Amino acid sequence: MKWKIEDAILFENSDFFVINKPSGISTLDERKDVFAPNILRLAKAYSDDAQVGHRLDKETSGALVIAKNPEAYRHISMQFEHRETAKRYHAVVEGMHDWDGMLVNLPILPLKDGIVVIDRAKGKHAETWFQTLKVYKNYTLVECMPITGRMHQIRIHLACLKAPIVADSMYGGKDIFLSELKKKFHLKQDTEELPLIRRVALHAHSLSFNLLDGSPITVEAPYPKDFGVLVKQLEKFS
C-alpha cells in the first residue's frame with residue numbers, strides 16, 4: 001500500500017495543512033538518494049505552492065506543518081524563527097527518570113557525517129525542556145519541548161542526561177525486546193526475536209502555532225502503530 005499525504009492530514013484550511021508524518025520518509029530531498037520519496041515532493045503534488053514549515057528527522061514521526069502559499073510560508077517561518085511555536089515530542093528513553101521541568105542548555109555542533117556533538121566552544125545555543133510522563137520498569141516515557149531547533153537536539157540532550165532514546169544507536173540507545181519485559185517469554189524454534197520498535201522511539205506529538213488571522217491552534221498527532229505498541233507493552237508488563 002502506497003502512503004498518501006491526504007490520508008495523513010490532521011488539520012487543513014486555505015493556508016496550511018498539518019500532517020502526521022510517518023517514520024521512514026525524509027522531510028526534504030536526501031543527498032544520498034534524490035529519487036526517494038519525501039514530504040515536500042508529496043506535498044507539492046497535493047498543493048502546488050506547498051512549502052514545509054520545519055523539518056522532522058527521517059525516523060521521527062508526528063506533526064508537521066505545511067504552508068499552501070508564499071504568504072502562509074512567510075508567516076510560519078517567522079514564527080519558527082522568533083520561537084513563537086511550541087513543539088512537544090514524546091520519547092521512550094532508557095532508565096527510570098523523574099523530571100519535572102528539567103532544562104538542558106548545551107551547545108550543539110553538527111559534524112560532517114550527519115551526527116552532532118556537544119561543543120561548548122564552537123557549538124550553537126540549544127535548549128530543551130524535559131518532563132516525565134510515565135515511569136516503567138527500566139524505561140521512561142518523556143515529553144520533550146525544544147526551545148531551539150537544532151539538528152538531533154532532543155536526541156543528543158537526552159543522551160547527555162544518560163537517557164538515550166530507545167533504538168537510537170547513533171547516540172547510545174539500544175533496542176528493546178519483549179523478552180526483556182515479559183517474564184514468561186517463549187520464542188518459536190529457529191526464529192529470531194525482533195525489537196519492539198525498529199527506529200528511534202521519538203514522535204512529534206503536538207504542534208502549536210498561529211494561523212494567518214492570528215488565532216492560535218494546537219494540533220495533536222496520534223501515536224503511529226509502532227510507537228503505540230511499544231508504549232502499550234511497557235504499560236502491560238511494568
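A salt bridge here is a side-chain nitrogen of Lys or Arg within 4 Å of a carboxyl oxygen of Asp or Glu. We're working on a predicted model, where local features need pLDDT of at least 70, side-chain atom pairs count only at pLDDT 80 or more, and totals for chains, interfaces and linings use all residues. Residues are numbered from 1 along each chain as its sequence is written, and side-chain values use heavy atoms, with hydrogens and water left out.

**Exercise 1.** Work out which residues are linked with Arg155 in a network of salt bridges.

*Solution.*
- Step 1: start with aspartate 57, whose salt bridge to arginine 155 has its closest N and O atoms 3.0 Å apart. These partners sit 98 residues apart, aspartate 57 in the loop between strand 3 (51-52) and strand 4, arginine 155 in helix 3. (Helices, H or I with at least four residues, and strands, E with at least two, are DSSP runs numbered from the N terminus.)
- Step 2: arginine 155 also forms a salt bridge with aspartate 168, at 2.8 Å between the closest N and O atoms.
- Step 3: put them together, and Asp57, Arg155 and Asp168 form the network.

**Exercise 2.** Sort the three residues: buried or partly exposed?

*Solution.*
- Step 1: take the cut-offs: buried is under 20% relative accessible area, exposed over 50%, partly exposed in between (1.4 Å probe, protein chains only).
- Step 2: arginine 155 is buried because its relative accessible area is 8%.
- Step 3: aspartate 168 has 1%, so it counts as buried too.
- Step 4: aspartate 57 comes in at 23%, so it's partly exposed.
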